[in-house]
Amino acid sequence: MMGAGLFSLLGLASSHAGTHVPLAFLLGAIAASFSIYSYAKLGTAFPSSGGAATFTVMSFGPGMLSGGINLFQYIAYLIAAALYAAGFVEYANILFGGDLSPLTLKFITAAIIVACTFINLLGPSLVGRAEMIAIGLVVLSLLVFSFIGIEHADIKAFSKSAWSMEGVAIAAGILYINFQGFGVVTNSSSAMKTPQVELPKAMFSALAIVTVAYLAVSGAVVLLMPLNLIQIDNGHVLADAAQIVAGKMGFTIISVAALLACAAAVNATIFAAANIAADVARKRNISNALGGSVLKTQLRALTVSSIGVTVLALIFPLSEVGQMASLAFLLVYAAVSYGHLRVVKKTGAKPQILWCAIVINMGLFTTLFLSTIKTSPSSAIALVIALVASFAIEGLSRLKEKKQS
């Protein structure tokens with residue numbers, strides 16, 4: 001759940017929230033907590049490798065609505081993995097002096113995606129071990145950086161920027177992808193011995209840990225660097241902040257941590273995407289035109305997923321794919337929580353909390369979407385196309401099956 005977007009989207013978020021980026025992280029954590037409650041309740045009631053894909057079917061029933069949502073959710077995971085792959089390439093480039101050729105950067109993009117796909121082929125236990133090692137090192141390096149950075153900063157010289165609630169909300173929407181990992185956790189619920197106990201503990205403890213880390217890191221950055229420099233450096237702010245604290249060694253350590261975080265995020269997100277694809281195909285919760293061909297087996301689902309991630313990572317720049325990913329998951333989480341209202345008697349969830357999740361997610365989505373239309377219209381258009389195409393493909397596929405039968 002330690003979002004690689006922390007390394008890639010801090011600069012973009014600061015262009016809206018200014019030096020109040022930590023407040024945006026806190027708002028994002030509060031928003032995520034309501035969706036985590038919804039997912040934890042659903043995951044304990046319906047443990048499955050399909051995670052949220054299973055939740056939509058249990059809530060809305062098998063049909064075009066759940067199929068369209070699941071197809072869009074699958075695309076959302078591909079977009080998120082593309083963001084992390086783009087972040088990996090960004091830090092790989094600056095680690096080598098920023099002089100790598102466009103062809104080399106494309107090769108690195110494809111290579112990290114293929115490597116993570118191979119790890120996924122070896123099974124969930126290896127995925128879990130790889131995540132534990134990588135994220136353990138990342139969290140340690142970030143906490144050390146935060147402690148030294150805050151100690152090193154000249155707090156008396158710090159000057160707060162102007163701010164607005166709208167700007168903080170837009171930044172929270174952009175940074176929301178950093179909390180997206182809780183959805184991935186539900187994809188492993190079927191492998192847990194006692195998901196009723198393990199799943200909520202895993203998700204809420206993860207939220208607590210990453211929130212502390214995000215607040216500490218973002219606080220250290222705004223204390224160490226002037227706002228204009230944070231916005232200029234954009235995709236590699238943390239590495240430059242670390243260089244202020246510990247010179248070349250700090251720059252290298254945080255850059256390597258960013259590579260580990262991005263690789264781990266690509267690994268986990270491809271794991272979730274492939275599991276969703278294979279699960280809905282196996283249970284026929286998606287049209288046969290897709291489930292019976294494109295996503296028929298785990299290997300095929302992994303292959304299709306890795307190709308989709310590669311294409312997205314090569315087409316869209318880092319800032320655009322970041323906004324697309326956050327928008328997609330805000331919409332998915334709102335839809336899942338709304339569906340959850342239909343099965344609250346089976347899960348034991350409190351409807352008031354679910355309504356909070358829906359309203360907050362849709363509020364952040366609307367605020368970020370309106371901002372994206374102004375600043376990055378291609379991202380907004382691509383997201384709308386993905387949403388419409390998901391339901392159109394599902395509807396046409398089911399119509400074709402109906403005619404054939």
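This passage walks through the nonpolar cores, several helices and a few single residues of the structure.

The model is a predicted one, in which local features need pLDDT of at least 70 and side-chain atom pairs count only at pLDDT 80 or more, while totals for chains, interfaces and linings use all residues. Residues are numbered from 1 along each chain as its sequence is written, and side-chain values use heavy atoms, with hydrogens and water left out.

A good place to start is the interior. The largest nonpolar core (a set of buried Ala, Val, Leu, Ile, Met, Phe, Trp, Tyr and Cys residues joined through side-chain atoms within 4.5 Å) takes in 132 residues. Buried here means under 20% relative accessible area, with exposed being over 50% and partly exposed in between (1.4 Å probe, protein chains only). M2, F7, Y39, L142, F145, V221 and L238 have the most contacts inside this core. The biggest share, 26 residues, comes from helix α12 (residues 237–282); helices (H or I, at least four residues) and strands (E, at least two) are DSSP runs, numbered from the N terminus. Another core, of 6 residues, lies apart from the largest one, and L341, A349, L354 and I358 are among its members.

Next come helices α4 and α5. Helix α4 (residues 52–60) packs against helix α5 (residues 64–95) at an angle of about 165°, their axes 9 Å apart. Axes are lines fitted to C-alpha atoms, for helices over the stretch in contact, and angles run from 0 to 180 degrees between N-to-C directions. That angle makes the two helices roughly antiparallel (over 145 degrees; under 35 counts as roughly parallel, 65 to 115 as roughly perpendicular and the rest as oblique). On the α4 side, A52, A53, T56, V57 and F60 meet L65, S66, I69, N70 and Q73 of α5, where contact means heavy atoms within 4.5 Å. Helix α4 is mostly covered, with 8 of its 9 residues buried; these are A52, A53, T54, F55, T56, V57, S59 and F60. After α4 comes G61, with a positive phi near 85°.

Farther along α5 sits A82, which counts as buried because its relative accessibility is 0%. A82 touches V309, L312, A313 and V321, leaving aside residues up to four places away in sequence. Its C-alpha atom is 15 Å from that of A258, a residue 176 places away along the chain.

I174, in helix α8 (residues 165–175), also counts as buried, because its relative accessibility is 0%. Leaving out residues up to four places away in sequence, I174 touches L9, L12, A13, H16, Q323, S326 and L368.

Two further helices, α17 and α18, round off the picture. Helix α17 (residues 351–375) has 25 residues and reaches 36 Å between its first and last C-alpha atoms, close to the expected 36 Å; the expected span is 1.5 Å times one less than the number of residues. Its buried residues are L354, A357, I358, N361, L364, F365, L368, F369, S371 and T372. Helix α18 (residues 377–404), with 28 residues, should span 40 Å, and its end C-alpha atoms are indeed 40 Å apart. In α18, the buried residues are S379, A380, A382, L383, A386, S390, E394, G395 and S397. S376 sits in the loop between α17 and α18 and counts as buried because its relative accessibility is 6%. Beyond residues up to four places away in sequence, S376 touches E320 and Q323.
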